[in-house]
2 protein chains.
Amino acid sequence: MLRYSEIKNILKSHKLSVTVVRVDVLEFFIRENRALSFKDLEDEFKDSDRVTLYRTLNSFTDNGVLHKIPDDSGFATYGLCHDTCSSEDHNHDHMHFKCNKCGTIECLNLHIPPVKVPGYQVTEANLILKGICNNCAAA
Amino acid sequence: MLRYSEIKNILKSHKLSVTVVRVDVLEFFIRENRALSFKDLEDEFKDSDRVTLYRTLNSFTDNGVLHKIPDDSGFATYGLCHDTCSSEDHNHDHMHFKCNKCGTIECLNLHIPPVKVPGYQVTEANLILKGICNNCAAA
DNA sequence: TATCAAATTGCAACAAAATTGCATTTATTA
DNA sequence: TAATAAATGCAATTTTGTTGCAATTTGATA
Ligand SMILES: [Mn+2]
Ligand SMILES: [Mn+2]
Ligand SMILES: [Zn+2]
Ligand SMILES: [Zn+2]
């Protein structure tokens, strides 16, 4: 659990003004320690306005607080960026994992090795693994 | 360009009845040789009913004719499965490429090397590369 | 701390995307 | 060809996401 002062610093360092909703949402992401969907936010912040939550996700993504994780479900999920991300430079060369049992999507601390494809200029790679997560495997 | 008889066989071998819409859509996928979105179908088949197109994509995906390709745009795209895919066994260990210039998404004939993550049971991997595609790089 | 411009929020309306129910048509099998 | 099952087309509905705008909050400055 992060202090308010630290949450505030994260927002400021990403050039975002500090508002109640933003602090709450960011704190939620840090506390949950997993990728979250819009629906997750809606469930958690029942009295917040939908539009504000959408806009929060968007400004967080624009400013390098969150990154979108590709998914074939049709629902984007968002994961916390590394400290170094900004609106200028998003950098996400880590793998993601989606559990087929509990549905959780997480950022893995594993680097995606560079891939070369003849004739193509590859500038970005997204690797999404699926299977049974740590928790579900142990249970 | 595939013959009607061949298209028909693909449908039959995937336990799908042969209808006008299904033949047209499958032929379109084969002809285009790239991943297609719902919008692509809607544009191509202007007089077809949207609902039928949605249902076609779903039954194709259920029965192993198409596979969904994860994307962070919010719009699913679909690629042709290998002959061996069925409703029982979808198998897609190949990479995908999305071009940032022309927007085309394609299935690459490149196998994703197996990834091991300690404590996790990995059963599937999706690798989506981005950059400049073959065509756009040449132009 | 008081003031003020700029940004964010909440609400309503709107637009887009996807789903459902059902009557009609089409395909498959016998 | 007839009977059965499945797919289609249409209308209505739901879900998801966006836009405009007035009210509120924030951050900077005096
Ligand atoms: Mn991540
Ligand atoms: Mn593919
Ligand atoms: Zn799990
Ligand atoms: Zn291209």
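1. Cys99(A) is buried, with 2% relative accessible area, while Cys102(A) comes out as partly exposed at 41%. (Buried is under 20% relative accessible area, exposed over 50% and partly exposed in between, with a 1.4 Å probe on protein chains only.) Bear in mind that this is a predicted model, in which local features need pLDDT of at least 70 and side-chain atom pairs pLDDT 80 or more, while totals for chains, interfaces and linings use all residues. Residues are numbered from 1 along each chain as its sequence is written, chains are lettered from A and ligands numbered from 1 in the order written, and side-chain values use heavy atoms, without hydrogens or water.

2. Both cysteines hold the zinc ion (ligand 3): its protein donors are the SG atoms of Cys99(A), Cys102(A), Cys133(A) and Cys136(A), at 2.2 to 2.4 Å. (Donors are N, O and S atoms within 2.8 Å of the metal, or 3.2 Å for Na, K and Ca; water is not among the atoms, so sites may look incomplete.) The donor spacing along the sequence reads C-x2-C-x30-C-x2-C.

3. What geometry does the site of the zinc ion (ligand 3) have? Tetrahedral, with angles of 104 to 114° among the 4 donor atoms. (Four donors get that label if all angles lie between 85 and 135 degrees.)

4. On to the pair of chains. Chain B superposes on chain A after a rotation of 178° with 0.0 Å of shift along the axis, at RMSD 0.2 Å, so the two copies are related as by a two-fold rotation axis. (The fit is least squares on C-alpha atoms of residues with pLDDT of at least 70 in both.) Within chain B, Leu127(B) has the C-alpha nearest the axis, 2.2 Å away. Both copies use the same surface, as 97% of the contact residues of chain B recur in chain A (contact means heavy atoms within 4.5 Å).

5. Now DNA strand D. It is surrounded by 17 residues, the closest being Val18(A), Arg50(A), Tyr54(A), Thr19(B) and Arg55(B) (near means a heavy atom within 4 Å). Sugar or phosphate accounts for 61% of the strand D atoms within 4 Å of the protein, and bases for the rest.

6. Which residues touch what? A backbone N or O atom of Val18(A) sits 2.7 Å from a phosphate oxygen of DNA strand D, and a polar side-chain atom of Thr52(B) is 3.0 Å from a phosphate oxygen. Arg55(B), by contrast, places a polar side-chain atom 2.7 Å from a base oxygen.

Conventions: Four donors count as tetrahedral if all angles lie between 85 and 135 degrees; four count as square planar and six as octahedral if opposite donors are over 155 degrees apart and all others between 65 and 115; anything else is irregular. A polar contact is a pair of N or O atoms within 3.5 Å; within protein, one must be able to donate a hydrogen and the other to accept it, and residues adjacent in sequence count only if both atoms are side-chain atoms.
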